[in-house]
Amino acid sequence: MRNGGSRTYDNDFYNIGASPMPEDLGVVGSEPEVLQKPGRPLSESKLYALLGSGAPSLLGNGFDLSKYVQPKIDEVSVDGAFKTPGLRNVDLIGPYFHNGSKATLMQVVEHYNAGGGAVGALNEADLHPDIQPLNLEEEGKKPLSASCLR
């Protein structure tokens, strides 16, 4: 939550303002009818918030309830969240973001420099708190995007 409140995220899934909600649901969506559990949240945090002690059998991998505090459903921030990839070989993997909306690394830098831009403003409630305007001048943006090409 941008106002400093406590939020719960799925590991490595964040809303960075790449596309507007609710057009692009991300992990907040639910399993489609063709799967065994239609309507079940794709987000593990949301599933745990909804099911509590019933979650371990669905989450698998030895999910241990004693290690985690069950979040309240309104504390789970997964709307418009997508997997955040690593940066290894980032100069070779364009276009960027889950939807390919940025063609160059400079466009990515511009996106973050604007704090998610206009799309970020639409997603204000669920935007990750680290997505803030950087207010870089041109001379600050060029070395940042060029450093990825070394």
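**Two pockets in a predicted model**

About 550 Å³ of space lies within the second largest pocket of the protein, as seen here in a predicted model. This pocket makes a handy starting point for a tour of the structure. Its lining is made up of 24 residues, and those nearest the centre are N11, E44, S45, F63 and Y68. Helix 1, which covers residues 44-51, provides the largest share of this lining, with 3 residues. Sorted by class, the lining of the second largest pocket holds 10 nonpolar, 9 polar and 5 charged residues.

The largest pocket comes next, with a volume of about 770 Å³. A total of 31 residues line the largest pocket, and I16, L87, F97, V108 and Y112 are the closest to its centre. Strand 2 (82-83), helix 3 and helix 5 (138-147) each contribute at least two residues to this lining. The biggest contributor is helix 3, which gives 4 residues. In terms of chemistry, the lining of the largest pocket consists of 19 nonpolar, 10 polar and 2 charged residues. As for how such spaces are found, a probe the size of a water molecule, rolled over the atoms, shows where empty space is left.

Helix 3 deserves a closer look of its own. Which of its residues are buried? In this helix, spanning residues 105-113, the buried positions are L105, V108, V109, H111 and N113. One of them, V108, has already appeared among the residues closest to the centre of the largest pocket. Just after helix 3, G115 adopts a positive phi of about 65°.

Stepping back to the whole chain, the protein contains 5 helices and 2 strands. Following the sequence from its start, these elements come in the order β-α-α-β-α-α-α. How are contacts spread along the sequence? Of those between residues at least 6 apart, 60% link residues at least 24 apart.

The surface completes the picture. Of the 150 residues in the protein, 33% count as buried. The accessible surface amounts to about 9300 Å², and carbon and sulfur atoms account for 53% of that area.

Taken together, helix 1 leads the lining of the second largest pocket, while helix 3 leads that of the largest pocket.

Methods. Residues are numbered from 1 along each chain as its sequence is written. This is a predicted model: local features need pLDDT of at least 70, side-chain atom pairs count only at pLDDT 80 or more; totals for chains, interfaces and linings use all residues. Side-chain values use heavy atoms; hydrogens and water are left out. Buried means under 20% relative accessible area, exposed over 50%, partly exposed in between (1.4 Å probe, protein chains only). Contact means heavy atoms within 4.5 Å. Accessible areas come from the Shrake-Rupley method with a 1.4 Å probe; for residues, only the protein chains shown count as cover. On a 1 Å grid over the protein atoms alone, a cavity is a set of points where a 1.4 Å probe fits but cannot get out, and a pocket is an open set with protein on both sides within 12 Å along at least five of seven lines; lining residues have an atom within 4 Å of a point. Grid points are joined across faces, edges and corners, and a volume is the space filled by probe spheres set on the points. Ala, Val, Leu, Ile, Met, Phe, Trp, Tyr, Cys and Pro count as nonpolar, Asp, Glu, Lys and Arg as charged, and the others, Gly among them, as polar.
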